[in-house]
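Me: Please consider the structure shown below. I should like to put several questions about its helix packing, aromatic contacts and backbone geometry.

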Amino acid sequence: MSKPVIATTSLAGCFGCHMSILDIDERILQLIELVEFNKSPVDDIKTFTKPVDIGIIEGGCCNSENVEVLRSFRKNCKILISLGECAIMGGLPAMRNGIPVEECIEEAYLNGPTVQLNKERILPNDDELPMLLDRVYPCHEIVKIDYFLPGCPPRADLIWEALVALITGNPLKLPYEVVKFD
Amino acid sequence: MSELIKFKIDGTECMAESGTYIVEAARQNGIYIPTLCNMPGVKPKGACRICTVRINGRLMTSCTTPVTMGMEIESNTEQINELRKSIVELLFVSGNHFCPACEKSGNCELQALGYYYQMMVPRFPYDFPQKGVDASSPYIIKDQNRCIMCKRCIKAIRDDQGRPLFAFRNRGNHLEVVLDEDLGKQMTPELAEAAMNACPVGSILVKEKGFVQPIGQRKFDHKPIGSDVAV
């Protein structure tokens, strides 16, 4: 049997969850024995090159590109995991939910206390730039998500235990300390 | 009044003084029933329903129901735990509970109940309500995004004449707990501290005191809520 294939991505996240994946330390050598990585910032493969078994999503959806990437993950992965608070509930980016997008952009590019260089008062409007969504959406409000691993970031032990249980088919036993929301 | 009576919780024989509320009676017998709005020393009101148990086939709040002789109480059953978990989930989605950015994280009873029931994600859609933060008091911040309307601050924090410093404002969907405009002026650093401790979530915070305890030393970092009770 060939190794299960894993893909990961960071949407509206801070890459903290990916850092937490690396926090499994030397177990990463065991992980490489167990799985093969496909599209992921870990190996810098940019597009899916084969069907993937487990897709790991960090971050919620704050713009059109996030939605597109998330949908391509759903299409190419058998199992999707929401990793971390941002993927699960929008996280800190979702603190803008409730504030109109216009107000957010004006604060960021025109009125914010640290905005000084934008003398011509230009708002980003290039066609190449993804459109901001009206609010930040948790991943499971856009596509079906199979498993959720909370934390900010999720503890490395939680990621490790969950992945190993999923790959080996063994029941998941989590100590109290590894499931945290912060 | 002080007559000892026998009753059963999930089939376990228990004893307590008659008239004791079930939550307290269970605690005396080493059985944890989760609570949120209930607080020792304050008259119970059964607002949050997290302490719901089944007695004679009926669901009742155990913080407001006294034990009686021979009472048979179901508490730790699959159905009741599922009900309690869904209350926790509803509380999470009906406010803006951004745990990673909350000063109360690690000491928050709502969060601790999320851990207790292994809530990985609420099954309900997030409401993301628009709520305000009142930082006008010199001592406290009242963040409505996190308030769960448990009334603990209203009941527990009073001036020397027994008048509550916190009060309800508006009705229905607009209901919120606020620091009373007039009586709130009597807020002292000591009362502010007590108010923060009375709040089960991070809705009342003492100013300039965020993140005092490092991660790993907070109340619910290593032991689940209720582990001081369970034998």
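Me: Which residues of α2(A) and α6(A) meet each other?
Reply: The model is predicted, and the contacts are taken from its heavy atoms. On the side of α2(A), the contact involves A:Arg27, A:Gln30, A:Leu31 and A:Leu34. Their partners in α6(A) are A:Asp157, A:Trp160, A:Leu163, A:Val164 and A:Ile167.

Me: How many nonpolar, polar and charged residues does the contact of α2(A) with α6(A) have?
Reply: Among the residues that meet are A:Arg27 and A:Asp157, and Arg and Asp count as charged. A:Gln30 is also part of the contact. By class, the contact of α2(A) with α6(A) comes to 2 charged, 1 polar and 6 nonpolar residues.

Me: Is α2(A) roughly parallel or roughly antiparallel to α6(A)?
Reply: Helix α2 of chain A spans residues 27-34 and helix α6 of chain A spans residues 156-168; their axes lie 12 Å apart at an angle of about 25°. Angles under 35 degrees count as roughly parallel. Therefore α2(A) is, relative to α6(A), roughly parallel.

Me: What is the handedness of the crossing of α2(A) and α6(A)?
Reply: The angle between these two helices is about 25°. The crossing of α2(A) and α6(A) is left-handed.

Me: Why is α2(B) described as oblique to α3(B)?
Reply: Helix α2 of chain B (residues 78-94) packs with α3(B) at about 135°, and the axes are 10 Å apart. Angles over 145 degrees would count as roughly antiparallel, and 65 to 115 as roughly perpendicular. The angle of about 135° fits neither range, so the relation of α2(B) to α3(B) is oblique.

Me: Which residues of α3(B) are met by α2(B)?
Reply: From α2(B), the contact draws on B:Val88, B:Leu91 and B:Phe92. By class, the contact of α2(B) with α3(B) has 5 nonpolar and 2 polar residues, and no charged ones. The residues met in α3(B) are B:Leu110, B:Gln111, B:Leu113 and B:Gly114.

Me: Is the aromatic pair of B:Tyr32 and B:Tyr116 stacked or edge-to-face?
Reply: The structure holds 8 aromatic pairs over all chains. In the pair of B:Tyr32 and B:Tyr116, the centres are 5.4 Å apart and the planes are at 75°. Planes over 60 degrees apart count as edge-to-face. The pair of B:Tyr32 and B:Tyr116 is therefore edge-to-face.

Me: How many residues apart are B:Tyr32 and B:Tyr116?
Reply: B:Tyr32 belongs to the loop between α1 (22-28) and β3 (52-55) of chain B, whereas B:Tyr116 is in helix α3 (residues 109-116) of chain B. The pair thus links distant parts of the chain, and the separation is 84 residues.

Me: Which peptide bond is cis, with omega near -5°?
Reply: A:Pro153 sits in the loop between β7 (147-149) and α6 of chain A. The cis bond leads into this proline: A:Cys152 to A:Pro153.

Me: What is the phi of A:Arg121?
Reply: A:Arg121 is located in the loop between α5 (101-111) and β6 (132-137) of chain A. A:Arg121 is not a glycine, yet its phi is positive, at about 50°.

Conventions: Residues numbered from 1 in each chain as written. Chains lettered and ligands numbered in written order. Predicted model: local features only at pLDDT ≥ 70, side-chain atom pairs only at ≥ 80, totals over all residues. Heavy atoms only, no water. Axes fitted to C-alpha atoms, helices over the stretch in contact; angles between N-to-C directions. Helix = DSSP H or I, 4+ residues; strand = E, 2+ residues; numbered from the N terminus. Left-handed = near helix turned anticlockwise from the far one by under 90°. Contact = heavy atoms within 4.5 Å. Phe/Tyr/Trp six-rings, centres within 6.5 Å; stacked < 30°, edge-to-face > 60°.
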